[in-house]
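Q: Please take a close look at the nonpolar core for me, and then at the side-chain pairings and polar contacts around the rest of the chain. I'd like it as one connected story, with cut-offs where they matter.

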Amino acid sequence: MGNPKRVLTAEDEQAIRDAMQAAQSADAAVREAVLSAHSHGASIRVLSEFTGMSTNTIMRWKKDAE
């Protein structure tokens, strides 16, 4: 008989879409908060250490926001 082809139910598809959208929204909120903290005087190094993100990522976000 083997392994039957598995398909996603409509409910599973929607749950995955919703979770992906929530993750994108959360990523945008983190980016906004990091850039806000930087504009309030936090250094890129401190932000990197606090968030666990690379300094390059934070510098790229800063450059993209300019």
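A: Here is a walk from the core outwards, ending with a few polar side chains.

A quick word on the ground rules first. This is a predicted model in which local features need pLDDT of at least 70 and side-chain atom pairs count only at pLDDT 80 or more, while totals for chains, interfaces and linings use all residues. Residues are numbered from 1 along each chain as its sequence is written, and side-chain values use heavy atoms, with hydrogens and water left out.

Let's start inside. The largest nonpolar core has 5 residues: Val34, Ile44, Leu47, Ile58 and Trp61. A core here is a set of buried Ala, Val, Leu, Ile, Met, Phe, Trp, Tyr and Cys residues joined through side-chain atoms within 4.5 Å. Buried means under 20% relative accessible area, exposed means over 50%, and partly exposed is in between (1.4 Å probe, protein chains only). Helices α2 (44–51) and α3 (55–65) each put at least two residues into this core. Those helices are DSSP runs of H or I with at least four residues (strands would be E runs of at least two), numbered from the N terminus. As background, nonpolar side chains tend to be buried together in soluble globular proteins.

Trp61 is worth a pause. Leaving out residues up to four places away in sequence, Trp61 touches Val30, Arg31, Val34, Leu35 and Met53, where a contact means heavy atoms within 4.5 Å. Two of those names lead onwards: Arg31 to a salt bridge, and Met53 to a polar contact with Ser48.

Take Arg31 first. Its side chain meets that of Asp64 in a salt bridge, 3.6 Å from N to O. This pair ties together distant parts of the chain, with Arg31 in helix α1, Asp64 in helix α3 and their positions 33 residues apart. A salt bridge means a side-chain nitrogen of Lys or Arg within 4 Å of a carboxyl oxygen of Asp or Glu. Both partners are partly exposed: Arg31 has a relative accessible area of 28%, and Asp64 comes in at 48%. In general terms, side chains of opposite charge can pair when their charged atoms come close.

By this rule there are 3 salt bridges in total. Another one joins Arg17 and Glu13, at 3.9 Å from N to O. These two sit 4 residues apart in helix α1 (residues 10–39), which means that about one helical turn separates them. Arg17 is partly exposed at 48%, as is Glu13 at 30%. The remaining pair is Lys62 with Glu66, whose closest N and O atoms are 3.4 Å apart. Here Lys62 is partly exposed at 32% relative accessibility, whereas Glu66 is exposed at 70%.

Now back to Met53. Its backbone oxygen lies 2.5 Å from a polar atom of the Ser48 side chain. That's a polar contact: a pair of N or O atoms within 3.5 Å, where within protein one must be able to donate a hydrogen and the other to accept it, and residues adjacent in sequence count only if both atoms are side-chain atoms. Ser48 lies in helix α2 and is buried, at 12%. Its contacts, again skipping residues up to four places away, are Met53, Ser54, Thr55 and Ile58, and Ile58 is one of the core residues.

Ser54 also pairs with Thr57, through a side-chain polar contact of 2.9 Å. Thr57 belongs to helix α3 and is buried as well, at 18%. Over in the loop between α1 and α2 sits Ser43, partly exposed at 33%. The Ser43 side chain reaches the backbone nitrogen of Val46 at 3.0 Å.

One last stop, out on the surface. Leu8, Ile16 and Met20 form a nonpolar patch there, with about 290 Å² of accessible area together. Patches take residues with over 30% relative accessible area and no salt bridge, joining like charges within 9 Å and nonpolar side chains (Val, Leu, Ile, Met, Phe, Trp, Tyr) within 5 Å. The areas come from the Shrake-Rupley method with a 1.4 Å probe, and for residues only the protein chains shown count as cover. Ile16 sits in helix α1 and is partly exposed, at 40%.
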